[in-house]
Amino acid sequence: MVGGQRSDPGIQTGDAAGPVRIVLVDDHEMVIEGLKAMLAAFANRVTVVGQAVGADHVLGVVGDLDPDIVLCDVRMQGSSGLDVCQQLRARDPDRKVVMLSVYDDEQYLFQAFRVGAAGYLLKSISSEELVRQLELVRRGETAIDPGMAARAVDTAARLQRDEFWPGARQGLTQRESEILSFVVNGLSNRAIATKLVIGDETVKTHLSSIYRKLGVSDRTGAVAMALREGIYK
């Protein structure tokens, strides 16, 4: 969920073009309502003009309302925000879509920009920073979580040099490889979250992806596979 301290809206000045008009897309109505409640404190800078719960009605809502920006979750039940972004951009190449995600994984970042997203931000972003990033996107800039941007540059450089991290050949991302190494060394989810300065739920999400890619169902299977395949030497 997006969090952080709210600034006093009374001392904010809106953009000369008026508030940024956005449509929210997420498969959880509670998330949408939470975003709307927090953004209400910045009504002179951002206006939620519409919403879509899930991907089914996004094209119609966006087509009718023509917002400045579509703020869309990356992964939704039975669909993908990346697919939504691609469909919206196919209809209107100038459509600005910003992905809002719990996944601090540079591979999702790369995928988002490959389908034409104008930004990739994490749900841990503060409400003030989210508003600022949306204003930048409307002005034509790209929004990227700062921590992810640094890792993405490093990943791109390593791939360019044909350098791979442990588990890359099994399809693991760099962050997933890092988390798996902690699992192999016996760290709990809470300990991993503390080391990486991320939430427990984010760790669980990464572990689910790791299990799927390794073809296992739990931590024990993941450790056994990592040792059997010689991922960590």
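**A guided reading of the predicted chain**

Among contacts in the chain between residues at least 6 apart in sequence, 68% join residues at least 24 apart. The model is a predicted one, and its chain contains 10 helices and 8 strands. Of the 233 residues, 48% count as buried. The account below begins with the nonpolar cores, proceeds to individual residues of β3 and β4, and ends with the helices α7, α9 and α10.

The largest nonpolar core has 25 residues, and the members that touch the most others are V25, C72, M99 and Y120. Helices and strands both contribute to this core: β1 (20-26), α2 (58-65), β3 (69-73), α3 (81-91), β6 (96-101), α4 (106-114) and β7 (119-122) each supply at least two residues. The largest share, 4 residues, comes from α3. The surroundings of C72 illustrate how the core is joined. Leaving aside residues up to four places away in sequence, C72 touches V25, G81, V84, V97, V98, M99 and L100. A second core, separate from the one just described, has 22 residues, among them V20, I22, L71 and V131.

Charged residues merit attention alongside these cores. D73 lies in strand β3. With a relative accessible area of 8%, D73 falls under the 20% limit and is therefore buried. Its contacts, not counting residues up to four places away in sequence, are with V25, D26, D27, G81, M99, L100, S101 and K123.

R75 is placed in strand β4 (residues 75-76). The relative accessibility of R75 is 41%, so this residue counts as partly exposed. Which residues does R75 touch, not counting those up to four places away in sequence? They are D27, G81, Y103 and Y108. With two of these residues, R75 also forms polar contacts through its side chain: one of 3.3 Å to the side chain of Y103, and one of 3.2 Å to the side chain of Y108. As for D27, the chain separates it from R75 by 48 residues, yet the C-alpha atoms of the two are 8.6 Å apart.

The loop between α2 and β3 holds D66. Although D66 is not a glycine, its phi is positive, at about 45 degrees. D66 is partly exposed because its relative accessible area is 45%. A further positive phi in a residue other than glycine, near 55 degrees, is found at V197, in the loop between α8 (189-196) and α9. V197 has 72% relative accessibility and therefore counts as exposed.

Beyond that loop, helix α9 includes T202. T202 is classed as buried because its relative accessibility is 14%. Not counting residues up to four places away in sequence, T202 touches V102 and D104.

How, then, is α9 placed with respect to α7? The axes of helix α7 (residues 174-184) and helix α9 (residues 200-214) come within 10 Å and cross at roughly 90 degrees. At that crossing angle, α7 is therefore roughly perpendicular to α9. On the side of α7, the contact is made by R175, E176, I179, L180 and V183; on the side of α9, by H206, L207, S209, I210, K213 and L214. The residues of this contact comprise 6 nonpolar, 2 polar and 3 charged. The spacing of contact positions along a helix can be read against a general property: an α-helix has 3.6 residues a turn, so residues three or four places apart point the same way.

Helix α10 (residues 219-228) completes this group. Which of its residues are buried? They are G221, A222, V223, M225 and A226. These buried residues pack against α7 and α9, the two helices whose axes cross at roughly 90 degrees. At the start of α10, a side-chain oxygen of D218 reaches to within 3.4 Å of the backbone nitrogen of T220. After α10 comes G230, with a positive phi near 70 degrees.

Key: Residues numbered from 1 in each chain as written. Predicted model: local features only at pLDDT ≥ 70, side-chain atom pairs only at ≥ 80, totals over all residues. Heavy atoms only, no water. Axes fitted to C-alpha atoms, helices over the stretch in contact; angles between N-to-C directions. Parallel < 35°, antiparallel > 145°, perpendicular 65-115°, else oblique. Contact = heavy atoms within 4.5 Å. Nonpolar A, V, L, I, M, F, W, Y, C, P; charged D, E, K, R; others polar. Buried < 20%, exposed > 50% of the residue type's maximum accessible area, 1.4 Å probe, protein only. Polar contact = N/O pair within 3.5 Å; in protein donor to acceptor, adjacent residues only side chain to side chain. Core = buried A, V, L, I, M, F, W, Y, C linked by side-chain atoms within 4.5 Å.
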